[in-house]
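Biologist: Could you take me through one part of this model slowly, strand by strand and contact by contact? I'm new to this, so please explain the terms as they come up.

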Amino acid sequence: MARADRFSLQDLLVEASYGIGAKPSRLIMTTLGTVLGIASLVVTVGFAQTAAGQIANQFDAVAATQVLVEPATARSGSGSEVATGTLPWDAPQRVERLAGVERAGLVAEVDVKEAPVTSVPVNDPSAAALLSPAVVATTADLLEAVRGSVVTGRYFDSAHDERGDHVAVLGQRAADQLGINRVDSQPSIFIGETSYTVIGIIEGVERRSDLLDSVILPMGTARNDFDVSAPTELHVQIATGAGTLVARQAPIALSPNEPENFTVTAPSGRSDLQDDIQADVNIVFLILGGIALLAGGLGIANVTMLSVMERIGEIGLRRALGATRRNIGMQFMVESVVIGLLGGLIGSALGVFAVVIVSVAQGWTPILDPWLAIGSALLGAVVGLAAGALPARRASNIEPITALRGS
């Protein structure tokens with residue numbers, strides 16, 4: 001019957017704990033490498049996830065809450081595109097009855113022929129010809145539907161629209177081009193020979209940035225003065241997640257008998273933008289975290305190897321008293337694993353704490369997978385296991401007589 005190993009599991013743990021705690025300064029320095037490696041990994045991945053979430057939210061704030069409805073088009077016999085439907089003038093009121101719709105507004109292109117758009121009533125033939133700003137017409141609710149803001153003055157309201165008042169709002173760049181930066185003196189612009197009082201200047205149009213280069217008239221004014229026959233676009237602001245529902249119901253609300261006459265551009269029910277951004281950012285940060293973790297593993301291996309060299313006499317004495325190669329190798333492996341696990345736990349906690357503190361300080365929403373924290377702590381033990389393999393093997397191969405002579 002084979003003799004049982006006299007070196008029990010309890011003995012192994014006692015010896016390993018003694019070896020770990022024999023030199024606290026060395027333990028701290030060894031653990032510090034793993035702490036920094038694991039903390040770097042958690043922080044980098046945590047910030048990657050948080051940053052991806054913030055970037056995606058910025059896009060989703062516009063893309064995931066906007067629906068665009070246009071008349072469908074078909075190719076004519078001559079090869080040109082022709083509209084197969086017409087947006088009704090009361091389209092905003094029709095779609096605002098739908099669940100998930102917050103506000104809506106119409107846009108129409110205005111053909112002013114060759115009439116110049118200027119800020120002076122007299123055309124100077126000797127002056128250099130300048131390209132006139134585009135002219136568009138909108139309903140009163142469009143500015144909110146496309147997330148615009150007023151720099152100065154105001155946007156026209158439904159009363160201006162109904163009366164066909166000669167008022168206009170300028171995009172920021174169009175205002176700069178026309179030399180108008182304030183409206184308190186009631187400046188006017190001229191389209192041809194007709195004057196329009198500028199009542200506001202807008203900026204920050206996230207959905208239709210071309211409005212910043214345009215002169216914007218009330219829809220009723222454009223219909224009276226320029227014979228605008230139909231709107232060209234319907235912009236709808238919706239609640240997040242309502243895109244699929246609104247895309248299906250909006251054409252029916254606009255034309256119950258011929259919903260196919262409209263083309264709807266809407267966000268899908270689930271946006272993959274955040275996942276795509278997070279995957280791209282994670283690749284970079286995982287590489288950086290892996291390098292830091294590799295440095296921690298090399299630190300454990302280096303210090304463990306140094307510990308073997310310092311404890312050659314102890315190893316020889318234990319071998320002479322009956323410890324087997326396996327006992328010696330297991331002791332150093334356990335020491336490395338414990339040091340790695342300890343560093344992993346501390347590093348993971350510090351990494352999570354850093355991500356939360358920085359995110360709160362910046363007003364972000366911290367995003368961190370809980371399995372990352374748990375897995376990182378266990379990863380520290382794996383790093384310790386890998387780092388301690390070579391030193392443990394070297395320690396187990398030391399012959400008792402050689403060790404005692406060398407000590």
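Modeller: Let's start with Gln66, whose bridge partner in strand E12 is Gln237. Strands (E, at least two residues) and helices (H or I, at least four) are DSSP runs, numbered from the N terminus. One thing to know early: this is a predicted model, where local features need pLDDT of at least 70 and side-chain atom pairs count only at pLDDT 80 or more, while totals for chains, interfaces and linings use all residues. Residues are numbered from 1 along each chain as its sequence is written, and side-chain values use heavy atoms, with hydrogens and water left out.

Now, back to the strands. E1 covers residues 66–71, and five of its six residues are buried (under 20% relative accessible area with a 1.4 Å probe, protein chains only; exposed is over 50%, and partly exposed is in between). E1 runs antiparallel to E12, residues 233–238, and four bridges join them. Strand E13, residues 262–265, is also antiparallel to E1 and is joined to E1 by four bridges. There, Val69 has Val264 as its bridge partner. Two strands count as paired if DSSP finds at least two bridges between them.

What lies in the nonpolar interior? The largest nonpolar core has 40 residues, and Leu170, Ile189, Val215 and Leu234 have the most contacts inside it. E4 is the top contributor to this core, with four residues. Such a core is a set of buried Ala, Val, Leu, Ile, Met, Phe, Trp, Tyr and Cys residues joined through side-chain atoms within 4.5 Å. Another core lies apart from the 40-residue one; it has 15 residues, including Val146 and Phe156.

Let's zoom in on Val215. Setting aside residues up to four places away in sequence, Val215 touches a whole crowd, among them Val117, Pro133, Leu178 and Ile189. A contact here means heavy atoms within 4.5 Å. Ser214 sits in strand E11, residues 214–218, and Ser214 counts as buried because its relative accessibility is 3%. Leaving out neighbours within four places, the contacts of Ser214 include Ala134, Val136 and Gly171.

Then comes helix H7, residues 219–226, where Met219, Gly220, Thr221, Ala222 and Phe226 are buried. The elements they pack against include E4 (101–109), E6 (134–138), helix H5 (158–163) and E11. Following H7 is Asp227, with a positive phi near 55°.

How does the outside look in the helices further along? Leu341, Leu342, Leu345, Ile346, Leu350, Trp371, Ile374 and Leu378 make a nonpolar surface patch of about 780 Å². H11 (325–362) and H12 (370–396) each supply at least two of the patch residues, and H11 gives the largest share, five. To join a patch, residues need over 30% relative accessible area and no salt bridge; nonpolar side chains (Val, Leu, Ile, Met, Phe, Trp, Tyr) are linked within 5 Å, like charges within 9 Å. A salt bridge is a Lys or Arg side-chain nitrogen within 4 Å of an Asp or Glu carboxyl oxygen. Areas come from the Shrake-Rupley method with a 1.4 Å probe, and for residues only the protein chains shown count as cover.

Take Leu341 in H11: at 32% relative accessible area, Leu341 is partly exposed. Ser376, over in H12, is buried, at 1%. Beyond neighbours within four places, Ser376 contacts Ile38, Leu41, Val42, Gly344 and Ser348.
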